[in-house]
Amino acid sequence: MSKFRKKSGKGLQKINTSSLPDIVFMLLFFFMVATTMRETEVQVRVKVPEATEVKKLEKKSLVSYIYIGRPVAHVARMYGTEPLIQLNDKLVSEEGIPYESIQDFVLFEREKLPEADKNKMVMSMRVDQDISMGKVDDVKQALRRAKALIINYSAKKEYRNQGRQR
Amino acid sequence: MASRETPEVNGGSLADIAFLLLIFFLVTTTMDTDTGITRLLPPEPEENQETEVRVNKRNVLVVLLNRSDLLMVGGEVMDRLALKDKTIEFFTNPRNDETLPELEAQEVQFPPGTSSILPPDGIWRGNVSKGVISLQNDRSTTYGKYLQVQNELVAAVNTLRNEFCRLYFDKEYDDLNTANPIEEEIQLGIRKIYKMNISESEPKSIGGRN
């Protein structure tokens, strides 16, 4: 009997929190290292398709982004709901096939790269899966003309049951 | 006087500060890595260049995607999931079929001593397909469908490369480390044997008016 009473009488023991900052700092450093700040605001709605053969894009510095999709609500008020092209952070307002905008964009982005990497520039196409190919073909033609030939069709990894391995 | 000890700094609020920073980084972190399928666009043709290249009919597999996202491969309507096996058959031509692409005897140099199956000089002798896949799409084809088809074609070539790499070098093709010159040479060699011969035609409208 007396055994139980002894314990309950003293109240809660204080937990030693002196190592809490260490733990929190560890987490902090992890997130600091893993963070990449998002610098562009995407103004078109893009849901990229899924594919099984995707590879990771190495070397982020070589990559420029082309978004194609229908504009988000507050942009749609200005530009309408037709699919739009966004190059890194600016929307293309050019009518028809946007040869000039893309040419300028490619030149500008290429200028930023060091001499040795100028021909390794990768254009990442982040295209919504419901967009029709006409728009995409136009952009591809413009890229060919601007001599930016390495493109990456952005896609999410799809896990498919491989029934049979050849 | 000089021997007075420095007062100890109160470390109790250290955790609070760290928490604040932690929460900031937690919120701003985006962990997504960019993934996708990398392809090469053909260079823009020169002004006065003959663009017509004569290719034997049996060496071309036409993959058509029409405006209602229907897939036609070599003249027959096909499901997307059957395309990969069809492509593999097209590129390997296992029975030397008359209707499948020609095979060409070739030698490819691999670094000597890396494979137990290859002769000691590291030269692979075998048949390489001359096949080319011609992918054509309509302006109204949806992009998602187009990428799925691209994916199947790429998957077929990747499977072939992987099989070869596993057979000869006991390794996955994807695991080859290009920073290592020997493995890079292996990779280039395999690429010569199984080429990513997927050509995209100049855009045009197929399957009726838009």
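Let me start with the two chains together: in this predicted model, 43 residues of chain B are in contact with 47 residues of chain A. On the side of chain B that touches chain A, at least two residues each come from α1 (14-28), β1 (35-40) and α3, and α3(B) gives the most, with twelve residues. If we sort that side of chain B by class, we find 20 nonpolar, 17 polar and six charged residues.

Now to chain B itself. Chain B has four helices and eight strands, and, reading from the N terminus, their order is α-β-β-β-β-α-β-β-β-α-α-β. Of the 210 residues in chain B, 23% are buried, and if we take the contacts in this chain between residues at least 6 apart in sequence, 68% of them join residues at least 24 apart.

I would like to spend most of my time on helix α2 of chain B, residues 83-92. Which residues of this helix are buried? They are Leu83(B), Lys84(B), Thr87(B), Phe90(B) and Phe91(B), and because they cover an arc of only 125° around the axis, they sit on the same side of α2(B). As a reminder, an α-helix has 3.6 residues a turn, so residues three or four places apart point the same way. The partners against which the buried residues of α2(B) pack are the strands β2 (60-65), β3 (71-73), β6 (123-129) and β7 (132-137), together with helix α3 (143-169), within chain B.

Let me take up that helix partner, bearing in mind that two packed helices are described by the angle between their axes and the distance between the axes. The axes of α2(B) and α3(B) come within 8 Å and cross at roughly 50°, and the two helices are therefore oblique to each other, with a crossing that is right-handed. From α2(B), the residues in this contact are Leu83(B), Lys84(B), Thr87(B), Ile88(B), Phe91(B) and Thr92(B), and they meet Val149(B), Glu152(B), Leu153(B), Ala155(B), Ala156(B), Thr159(B) and Leu160(B) of α3(B). By class, the contact of α2(B) with α3(B) comprises eight nonpolar, three polar and two charged residues.

What follows α2(B) along the chain? It is Asn93(B), which has a positive phi, near 50°. Further on, in the loop between α2 and β5 (103-109) of chain B, we come to Leu100(B), which counts as buried because it has 20 C-beta neighbours inside 10 Å. Setting aside neighbours within four places in sequence, Leu100(B) is in contact with Arg58(B), Phe90(B) and Asn93(B), so that two residues we have already met, the buried Phe90(B) and the Asn93(B) that follows the helix, return here. By contrast, Arg4(B) lies 96 residues from Leu100(B) along the chain, and the C-alpha atoms of the two are separated by 93 Å.

Finally, a helix pair in chain A. Helix α4 (residues 99-112) and helix α5 (residues 133-145) of chain A have axes that come within 9 Å and cross at roughly 50°, which means that α4(A) is oblique to α5(A); the crossing is right-handed. Tyr99(A), Ile102(A) and Gln103(A) make the contact from α4(A), and Val139(A), Ala142(A), Leu143(A) and Arg145(A) make it from α5(A). By class, this contact has five nonpolar, one polar and one charged residues.

Methods: Residues are numbered from 1 along each chain as its sequence is written. Chains are lettered from A and ligands numbered from 1 in the order in which they are written. This is a predicted model: local features need pLDDT of at least 70, side-chain atom pairs count only at pLDDT 80 or more; totals for chains, interfaces and linings use all residues. A residue is buried if 20 or more other C-beta atoms lie within 10 Å of its own, exposed if 12 or fewer, and partly exposed in between; C-beta atoms are placed from the backbone. Two residues are in contact if their C-beta atoms, placed from the backbone, lie within 7 Å. Axes are lines fitted to C-alpha atoms, for helices over the stretch in contact, and angles run from 0 to 180 degrees between N-to-C directions. Angles under 35 degrees count as roughly parallel, over 145 as roughly antiparallel, 65 to 115 as roughly perpendicular and the rest as oblique. A crossing is left-handed if the near helix is turned anticlockwise from the far one by less than a right angle, and right-handed if clockwise. Ala, Val, Leu, Ile, Met, Phe, Trp, Tyr, Cys and Pro count as nonpolar, Asp, Glu, Lys and Arg as charged, and the others, Gly among them, as polar. The arc is that of the directions from the helix axis to the C-beta atoms.
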